[in-house]
Every structure is written in structure tokens, then in C-alpha cells.
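Student: Please take one part of this model and go through it closely. I would like to hear about the aromatic rings and what surrounds them in the chain.

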Amino acid sequence: MASTQVASATLLALVLAISLAQVCMGSRKLDTLVQPTPLKYHNGAVLQGVLPISILWYGKFTPTQKSIISDFLLSLTPQPHQKLSSPSVSQWWNTIDEIYLSKAGIKSQKKSQILLAGQFSDEMCSLGKSLTRDQISELAAKAGTKKGGIALVLTAEDVTVEGFCMSRCGLHGSDRKAGSTYIWVGNPATQCPGQCAWPFHQPAYGPQTPPLVAPNGDVGIDGMVMNLASMMAGTVTNPFGDGFYQGPKEAPLEAATACPGVYAKGAYPGYPGELLVDPTTGASYNANGARGRKYVVPALFDPSTTSCFTLV
């Protein structure tokens, strides 16, 4: 890969994965790993079994927007009567179990199962519309997550968060004493769609290739799903900063962030790969979800092959 391509890709995404006080920042870069470094297990805890998830909707989201994200979460571990067409969101999630959790967790522990435990709305933005990282942690606590669970703090498109768009599209962190974790992801629709909703929007920098059609018709929300998927992968495989990651602990690359900008085979800087295309809508996707929905999920780094696994 030419050095000019790498430099251009860096500008395209403005990605930085930072870990500070067990808070892991993550987002998507539009470059690929030239020579992947093995992602190592550091003998810490991973999240397995039933994982209750509580959602705090911070700011205004439409019912359709909430449904897109909720359906994605329910697609991770669908009910037995729900048969998702292949390739599916659940196949992607099962891959995390296979290449990470089964090799680190309690052998008798069941596969991770997502349970949507509750949803709360703060449409009036009780802490204001300009949030710090500490306030994200405070909001996560309000979600009332149970031990071993995950709190999701999802901010609306008119809410700014410290570091959002400048260095990250989302983050995950934890409270080790409480045994709980949290994820924050923001809606980039108006603030930085070229950085945090690519490839459904033209990139902020570099070659201005035509954007792909978002699978659910909402550039910001479909971008949130991609970033949420990346943070979910990082949370269950490296919840407390001593699980699976590569590089320095202060700036780790995790299960999905180690494969930035890769969504299908043939990906290269500025090109997400050969995604599937819905013949009716023209939308691009790589995973089928619940209720007939389609999504784009990130590639996962496979430590055994030191390569990026994709569904298509």
C-alpha cells in the first residue's frame, strides 16, 4: 500500500482509539491494516451469558430511528422462531463468541445472549446539549444497568460530546467495582456524516466517491448502527481493559477497530468492499436483521489468522 494512500485514509476518518481510566474510545478509519499485529488476550474478564442492555435515548429520536437500533440489538441473538436470512447479524455476533469469548471465558458459560432490559428517554437533555466524557458515564449510571450488563447512551444529532467527530464516533467504558459496562454512540447526521457515517455519506477528506445508499434510509442512524456494532464487539471482548486488544493499553485496537473501514471482501482505503445491494431499494448491506431489516456491520479481526473476517 502506498504511503500516500495511508496518509489520505488517515485524513478521511480522523480515527483515534484511546483508552484512559478503562474508557476505550473507538471509531472507524478508512484505511486497512498493512501488516496486522496479533491481537492478544491479556487474561482479563470478557462478557458472556445473558447480557441485559438498557438504552438511554438522550435528545430527540423518532420512533422509526429507535426501532432501527432496537431491531439491530434484537438481531444479535434472535428468538428461536426468528429465522434470519444469511448472511445475518446473528452470524456476525456468533463469530465473536467463536474467535474470542469461547477461548477466554468460563468454559461452561453459555454463549452471550442479548436481553433488551429497558429503554429510557431524556428528550429535554437534562445535562444540556454539550456533554463531557464524565457526563456520559453519569448518564450511563442513570440507565440502571444490572451487574454484567451494558448501558447504551445514544445522543441525538444536535447533541455534542467531548471528542465527537474530532477523534471518535463512540466509546465504551466500565465500572469494575459495579461489574457493569457502558457504550456511547452519537448521531453524526449533521455534525460529521463524512467521518462517522461513511460510506453512506461522502468522506470528509480525500477522493469524493459517491456515497452508498443507507440500508434503512437514515444516514445518521445507519452510521450509529455501524459504530454501535464496533463498540459492542469491543465491550464484550475487552470490557475492563485487560481482555483482547492489540497495541498499547493506553491506545488499544480491539475486535472491530483493528479492521477499520473494512465491511466486505476487497476493501481498501476509501472503499468499504463488495457489499450486497438490495435490488429493490439499491441500499448496500452485509447482514440481514430482524423484521426484514438490513444492516452494515464491521469486519472482525481474527487473531488466529491475523486477518479481517467479513460476512460477505
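Tutor: What follows deals with the aromatic pairs, and with one pair in particular. The model is predicted, so local features need pLDDT of at least 70 and side-chain atom pairs count only at pLDDT 80 or more, while totals for chains, interfaces and linings use all residues. Residues are numbered from 1 along each chain as its sequence is written, and side-chain values use heavy atoms, with hydrogens and water left out.

Rings of Phe, Tyr and Trp (its six-membered ring) pair if their centres lie within 6.5 Å; planes under 30 degrees apart count as stacked, over 60 as edge-to-face and the rest as tilted. By this rule there are 8 aromatic pairs. One of them joins Y100 and F244 edge-to-face, with 4.9 Å from centre to centre and 80° between the planes. Y100 lies in the loop between α3 (89-99) and β5 (113-122), and F244 in strand β11 (residues 244-245), so the pair ties together parts 144 residues apart in sequence. Helices (H or I, at least four residues) and strands (E, at least two) are DSSP runs, numbered from the N terminus.

Buried means under 20% relative accessible area, exposed over 50% and partly exposed in between (1.4 Å probe, protein chains only). Y100 counts as buried because its relative accessibility is 0%; F244, at 5%, also counts as buried. Together with Y41, the residues Y100 and F244 form one aromatic cluster.
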